[in-house]
Amino acid sequence: MELSLAIGIGALTASGVWLILRPRTFQVIIGLSLLSYAVNLFIVAMGRVRTGAPVLIAKEIGDATKHADPLPQALVLTAIVISFATTALFLVVLLASRGLARTDHVDGQEPEA
């Protein structure tokens, strides 16, 4: 893995964790999204994606090491769909919680000023 990619994944992870620990629910949702982006980048980076390699294995070419591995791309696609659905669910819960508690603070109470 290249150093710049590792720094990018680390920055996304650190930003996501920092936002998850914030007191407002919208910040928590954005933090979860950043964390899921970091995981997707990590999966793609560890999958050793090759450019220019054929995806399907032909009978004439018996060596499977010269082909692209479709598993990392399938995992990332699945993770993107799941994170989209989870974010939509969190937004619905956020709106319901804000309507009931009249605040968007994580524990439902505004801090004393």
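Here a visitor asks how the labels on this predicted model are earned, and a guide answers.

Visitor: What makes a residue or atom pair count in this predicted model?
Guide: Local features need pLDDT of at least 70, side-chain atom pairs count only at pLDDT 80 or more, and totals for chains, interfaces and linings use all residues. Residues are numbered from 1 along each chain as its sequence is written, and side-chain values use heavy atoms, without hydrogens or water.

Visitor: Why is the pattern of the protein called α-α-α?
Guide: Helices are DSSP runs of H or I, at least four residues; strands are runs of E, at least two; both are numbered from the N terminus. The protein has 3 helices and 0 strands. Read along the sequence, that gives α-α-α.

Visitor: How do you know what span to expect of helix 1?
Guide: The expected span is 1.5 Å times one less than the number of residues. Helix 1, residues 3-20, has 18 residues, and 26 Å is expected. Helix 1 reaches 25 Å from its first C-alpha to its last, close to that value.

Visitor: Why are the buried residues of helix 1 said to line one face?
Guide: Those residues are Ile 9, Gly 16 and Leu 19. Seen down the helix axis, they fall within an arc of 100°, so they line one face. The arc is that of the directions from the helix axis to the C-beta atoms. The face turned away carries exposed residues Leu 3, Ser 4, Ile 7 and Trp 18.

Visitor: What covers the buried residues of helix 2?
Guide: The cover includes helix 1 and helix 3 (71-101). Cover is judged by contact, meaning heavy atoms within 4.5 Å.

Visitor: Why is Asp 104 called buried?
Guide: Buried means under 20% relative accessible area, exposed over 50%, partly exposed in between (1.4 Å probe, protein chains only). Asp 104 has 19%, so Asp 104 is buried. Arg 24 has 25% and is partly exposed. Arg 98, at 45%, is also partly exposed.

Visitor: What makes the pairing of Arg 24 and Asp 104 a salt bridge?
Guide: The rule asks for a side-chain nitrogen of Lys or Arg within 4 Å of a carboxyl oxygen of Asp or Glu. Arg 24 and Asp 104 meet at 2.9 Å, N to O. The pair links distant parts of the chain, 80 residues apart.

Visitor: Which residues do shared salt bridges join into one network?
Guide: Asp 104 also meets Arg 98, at 3.7 Å, N to O. Shared partners join Arg 24, Arg 98 and Asp 104 into one network.
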